Amino acid sequence: MQIGMMGLGRMGANMVRRLMRDGHECVVYDINPASVAALVKDGAVGTASMEEFVGKLAKPRSAWLMLPAAITGRIADQVAALMEPGDIIIDGGNSYYHDAVDQAAELAAKGINYVDVGTSGGVWGLERGYCLMIGGPDEAVRHLDPIFATLAPGADAGSTPAKDAGTAPYGYLHCGPSGAGHFVKMVHNGIEYGVMAAYAEGINILKSANAGKRARTADAETSPLENPQYYQFDIDIVDALGRQLGGLV
């Protein structure tokens, strides 16, 4: 299947590579010509302008935007101006779901389908796949299913999902109408960042478990540690984590 990808940063470029590995044809565009050239070497169809990008897409056109949320709406409007009824614009960035709902309504009035896809996977997605949270019209989402199936991680090794389980066991889900994809991704991000913060709090407590053994300078901004006898634990898990993570802890 053919797909256009605009925005060839670390995620966009690797998504193109994953798609091409599975036999999809990718038309690519980025304001940085070097990013385009790198993917052309890997087999993508390169373009040098937005007009050329849209012009090389077969009808019905499918253009995936992997751009910063701050500019996605403006670029989507520019791409839509070059498209025809029945074409599809996919927003795979981190747009606010309110913006996705509004953008979809504006494009629907022109006969253009808007599909919002919360995309999780980061720089590891090339090998591991991307979890996709999808919102948009049923027909457009069904049309793009081969693309989603390739990008997603797939079923766990050795498992055989039930036939009525849908696509969720494979790592992608049509969550609902336009805006639903970015809404679910927003919740996903909130959970993820909350878990990361909890890990950080826990690791910091472990790191400071021997605070009672440390000499502390008393000054106007630092109060003495109360009951230092309760903080005498040398826990090396933090050092081990630091070595494992390359000194990031």
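**Close-up 1. Y29 and its ring partner.** Y29 is buried here, at a relative accessible area of 14%. Bear in mind that this is a predicted model. Searching the whole structure turns up five aromatic pairs. In one of them, the rings of Y29 and F53 have centres 6.4 Å apart and planes at 40°, so we call this pair tilted. Y29 sits in strand β2 (residues 25-29) and F53 in helix α3 (residues 50-55), so the pair ties together parts that are 24 residues apart in sequence. F53 is buried too, with a relative accessibility of 0%.

**Close-up 2. W64 meets F148.** For the rings of W64 and F148, the centre-to-centre distance is 6.2 Å and the planes are at 70°, so this pair is edge-to-face. W64 belongs to strand β4 (residues 62-65) and F148 to helix α8 (residues 145-151), so the contact ties together parts that are 84 residues apart in sequence. How buried is each partner? W64 has a relative accessible area of 0%, and F148 comes in at 1%; under 20% is what it takes to be buried. Add Y172 to W64 and F148 and you have one aromatic cluster.

**Close-up 3. The largest nonpolar core.** This core has 30 residues, and those with the most contacts inside it are V16, V28, W64, V115 and F148. Which helix gives the most to it? That's helix α1 (residues 10-21), which supplies five residues. Zoom in on V28 and, leaving aside residues up to four places away in sequence, you'll find it touching a list of neighbours that includes M5, L8, V16, V36, L39 and F53. Also on that list for V28 are A44, V45, G46 and T47. As a general rule, nonpolar side chains in soluble globular proteins tend to be buried together.

**Close-up 4. Strand β7 between its partners.** Strand β7 (residues 131-135) is mostly covered, with four of its five residues buried. Strand β6 (residues 113-120) runs antiparallel to β7, and five bridges join the two. Look for G118, whose bridge partner in β7 is M133. Strand β8 (residues 172-176) pairs with β7 as well, this time in the parallel sense over four bridges. Here L132 stands opposite Y172 of β8, and Y172 is the residue that forms an aromatic cluster with W64 and F148.

**Close-up 5. Two cysteines, no bond.** Why don't C131 and C175 form a bond? The sulfur of C131 is 8.5 Å from its closest cysteine sulfur, the one in C175, and that is too far. A disulfide would need the two sulfur atoms within 2.5 Å. Turn it around and C175 likewise has C131 as its closest cysteine sulfur, at 8.5 Å. C131 is partly exposed, with a relative accessible area of 33%, and C175 also counts as partly exposed, at 29%. A search of the whole structure comes back with zero disulfides.

**Close-up 6. Two domains.** The domain assignment splits the protein chain into domain 1 (2-177) and domain 2 (186-215 + 223-243). Taken over C-alpha atoms, the centres of domain 1 and domain 2 are 40 Å apart.

Notes:
Residues numbered from 1 in each chain as written. Predicted model: local features only at pLDDT ≥ 70, side-chain atom pairs only at ≥ 80, totals over all residues. Heavy atoms only, no water. Phe/Tyr/Trp six-rings, centres within 6.5 Å; stacked < 30°, edge-to-face > 60°. Buried < 20%, exposed > 50% of the residue type's maximum accessible area, 1.4 Å probe, protein only. Core = buried A, V, L, I, M, F, W, Y, C linked by side-chain atoms within 4.5 Å. Contact = heavy atoms within 4.5 Å. Domains from an automatic or database assignment. Pairing = 2+ DSSP bridges.
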